[in-house]
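Open the model in your viewer and keep the sequence panel beside it. This tour goes stop by stop, with a selection to make at each one.

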Amino acid sequence: MDDGMKKTEDVGHLKEQYHVVVVGAGHAGCEAALACARLGLETILFTVSVDSIALMPCNPNIGGSSKGHLVREVDALGGQMGVNIDQTFIQSKMLNRSKGPAVHSLRAQADKADYSMKMRQTLQDTEHLTIRQAEVSEIITEEIPEGERKDGRSQRITGAKTVSGAVYNCKAVILCTGTYLRARCLTGEMITNTGPNGLMAANYLTDSLKSHGIKMVRFKTGTPARIDRRSIDFSKMQEQKGDEVVVPFSFTTDPKDVQIDQVSCWLTYTNENTHNIIRQNLDRSPIYAGVIEGTGPRYCPSIEDKVVKFPDKTKHQLFIEPEGIHTNEMYVGGMSSSMPEDVQYAMYRTVPGLENAKIVRNAYAIEYDCINPNQLYPSLEFKKIYGLFSGGQFNGSSGYEEAAAQGLVAGINAAMEILGKESLILDRSESYIGVLIDDLVTKENHEPYRMMTSRAEYRLLLRQDNADLRLTKKGYEVGLISKERYEGVLEKERLIKEEIARVSKIIVGANSKVSEFLERNHSVPLNKGISLAELIRRPELSYEILKELDPDRPQLPDDVAEQVNINIKYEGYIIRQMKQVSSFKKLENKRLEKDFDYDAVKGLRIEARQKLNLYRPVSIGQASRISGVSPADISVLLIYLEQYYQRKKQEME
């Protein structure tokens, strides 16, 4: 295998050998394949169409509330999504600026075609990475001899097979099938057995996975129509411009390189006429006619769902967004639908500015096979099959950003396993990625999972602005971050620490100059001298504003100054959350063996025993978050564990 790829003929079928097979080249598959290849493993990436690499079949943007955090974290670990959107965006905004820094989130409109092309170019230029257009139909496993088994697993991956019969032997397979498995698209009464955008569905792999004991579920999502720009009257809409000063997603992007001329988006609204047309035709919607089997995302509902579930709302906002520079297609954000073609025309044309709209691509719903992610460890490896990993929408999530984050973690951990190194497990206290994966593998998910800031208990610590400070070290230890980049982060940490210490010692007196400054900035005058740090904590002041009172201030990079301001201003809240994290870590650090015998623990309730055997938690912390496991069960488990490890220690002595 170390000699690279080998080819032989076996009864007329091709045979090749790689370290890693990645199935699917969406946002999860791209990150997984790049991670493995960059770590030196011979990797092959399969896609049903090379033209669909990093495709954006739904919304033409990256980031958004909480999703921007994920992209920043992917970048800090050595992933590609942030770099790629910085090179291909056409509008960028920092959302939630009026709120605290914990919920600030970057969101960028992408040129969809350019985004896909740039990612494809990156893959093609990466050593150890092969791209292959073919449909994977089977995973191939072998029985592990009884004496070699660990963690209760009896099977291990040995390869994958395509519909042509070609076999690709490997040590790990990463499933990133997105919305393609047994996919079908629905537009009213018209149903086509295709993947998104009319691409070929993958119809064979599901049966192979089921035969290996993997449980599948059926989910659905949808997308709105694309409208010809020339048929839109923008004078009836509100223009939405990008930020004057653009903040890049990637910590490696020079901010000067992203200050570009940006395109505009537009805001308009549905109305009662729109809603009446929808109500009158609900019987023709596959969602309400019982045609759709899959469960849809609660937090990204179709326009039919909005009208039915929120009958008192007289309007819903719609964002009209360009799909790229070299296309007239405009995305109608907020109006996903599966209505028939004629109903779509009728309802879209009731919207101000869309009275003469011409549809380029109809809206549609798509349903597909995926898994219940409780079958995975936090490493995103299957509990039953050694060497089988998965990421993205196949894990029951939604969104490009959630997919990329999972793909990167699955790719890293597949590589770590092959290289004989420790898995990368991110917990809830150190990243949004940790929250995402923990929620997927620990909680009961009955619909496509979407990341939100409210899901993160420690979100003041997990800001998008400090993702590099939180995670670059882990990316460096894994091998995806260069020494030079890591040393740059260490230098940033040093500068922040030194500047916080400096402004905490500088005392500002209650003199006329200071009083005039404070009055000018709508702040209360001083009765006695206080430190610059105390002034920074005032809501109306900031580190930047106080520059006038700090003539000896060193010239610091903008990102360092930002961290100084945030860390001082929110110090009390940050200290409180760090104490909470300390308590959280105590339970996370109490590890559970993957083949732990819960049936041997007397005092556990039957439901708790069943759930613990199903989820196989890796720590007491994870066990405590499983639905059906009570605090009393955790107490019983802790007592048993203490006795268990004492017995093991005595046996070793």
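Contact here means heavy atoms within 4.5 Å. Keep that cut-off in mind for the first stop. Note also that this is a predicted model.

**Stop 1: Ser523**

Select Ser523. It sits in the loop between helix H13 (512-520) and strand S26 (530-531). Is Ser523 buried or exposed? Its relative accessible area is 7%, so Ser523 is buried, the limit being under 20%. Now show what surrounds it. Setting aside residues up to four places away in sequence, Ser523 touches Leu518, Arg538, Glu540 and Leu541. Turn on the side chains of Ser523 and Arg538. A polar contact of 2.8 Å joins them.

**Stop 2: the whole chain**

Zoom out and colour by secondary structure. You should find 19 helices and 26 strands. Rotate the C-alpha trace onto its principal axes: the spans are about 90 × 80 × 50 Å. How does the radius of gyration fit a compact globule? The chain has 27 Å, and a compact globule of 653 residues would have a value near 26 Å, so the two agree.

Next, colour by burial. Buried residues make up 57% of the 653 residues. Switch to a surface view. The accessible surface comes to about 28300 Å², and 49% of that belongs to carbon and sulfur atoms. Then think about sequence distance. Among contacts with a separation of 6 or more, 72% are between residues 24 or more positions apart.

**Stop 3: Ile139**

Select Ile139 in strand S9 (residues 136-143). Its relative accessible area is 2%, so Ile139 is buried. Draw a C-alpha to C-alpha distance from Ile139 to Leu205. The two are 66 residues apart in sequence and 7.8 Å apart in space. Now expand the selection to contacts, leaving aside neighbours within four places in sequence. Among the partners of Ile139 are Ile157, Gly159, Ala160, Val173 and Leu175. Leu205, Ser208, Leu209 and His212 are also in contact with Ile139. So are Ile385 and Leu388.

**Stop 4: strand S7**

Move to strand S7, residues 105-110. Why call S7 largely enclosed? Five of its six residues are buried, so the rest of the structure largely encloses it. Add strand S5 (residues 61-63), which runs antiparallel to S7 and is joined to it by three bridges. Find Gly63: it stands opposite Arg107 in S7. Then add strand S6 (residues 89-95). S6 and S7 also run antiparallel, with six bridges between them. Here Gln91 stands opposite Gln109.

**Stop 5: strand S20**

Select strand S20, residues 329-333. Five of the five residues are buried, so S20 too is largely enclosed by the rest of the structure. Show the side chains and look along the strand. In a regular strand the side chains alternate between the two faces of the sheet. In S20, Glu329, Tyr331 and Gly333 point one way, while Met330 and Val332 point the other way.

Which strands pair with S20? One is strand S16 (residues 226-228), antiparallel over three bridges. Asp228 stands opposite Glu329 there. Another is strand S19 (residues 317-322), antiparallel over four bridges. On that side, Glu321 is the bridge partner of Tyr331. Follow the chain from S19 to S20: a hairpin of six residues joins them.

**Stop 6: helix H17**

Go to helix H17, residues 606-615. Select its buried residues: Ala608, Arg609, Lys611, Leu612 and Tyr615. What do they pack against? The partners are helix H10 (432-442), helix H18 (620-624) and helix H19 (631-652). Step just past the end of H17 to Arg616. Its phi is positive, about 45 degrees.

**Stop 7: cysteines**

Finish by selecting every cysteine sulfur. How many disulfides does the structure hold? The number is zero. Cys30 is in none, and the nearest cysteine sulfur, that of Cys176, is 9.2 Å away. At 1% relative accessibility, Cys30 counts as buried. Cys265 is in no disulfide either: the nearest cysteine sulfur belongs to Cys58, 15 Å away. Cys265 also counts as buried, at 4% relative accessibility.

How values were computed: Residues are numbered from 1 along each chain as its sequence is written. This is a predicted model: local features need pLDDT of at least 70, side-chain atom pairs count only at pLDDT 80 or more; totals for chains, interfaces and linings use all residues. Side-chain values use heavy atoms; hydrogens and water are left out. Buried means under 20% relative accessible area, exposed over 50%, partly exposed in between (1.4 Å probe, protein chains only). Helices (H or I, at least four residues) and strands (E, at least two) are DSSP runs, numbered from the N terminus. A disulfide is a pair of cysteine sulfur atoms within 2.5 Å. A polar contact is a pair of N or O atoms within 3.5 Å; within protein, one must be able to donate a hydrogen and the other to accept it, and residues adjacent in sequence count only if both atoms are side-chain atoms. Two strands pair if DSSP finds at least two bridges between them. The radius of gyration is taken over C-alpha atoms; the globule rule is 2.2 Å times the number of residues to the power 0.38. Accessible areas come from the Shrake-Rupley method with a 1.4 Å probe; for residues, only the protein chains shown count as cover.
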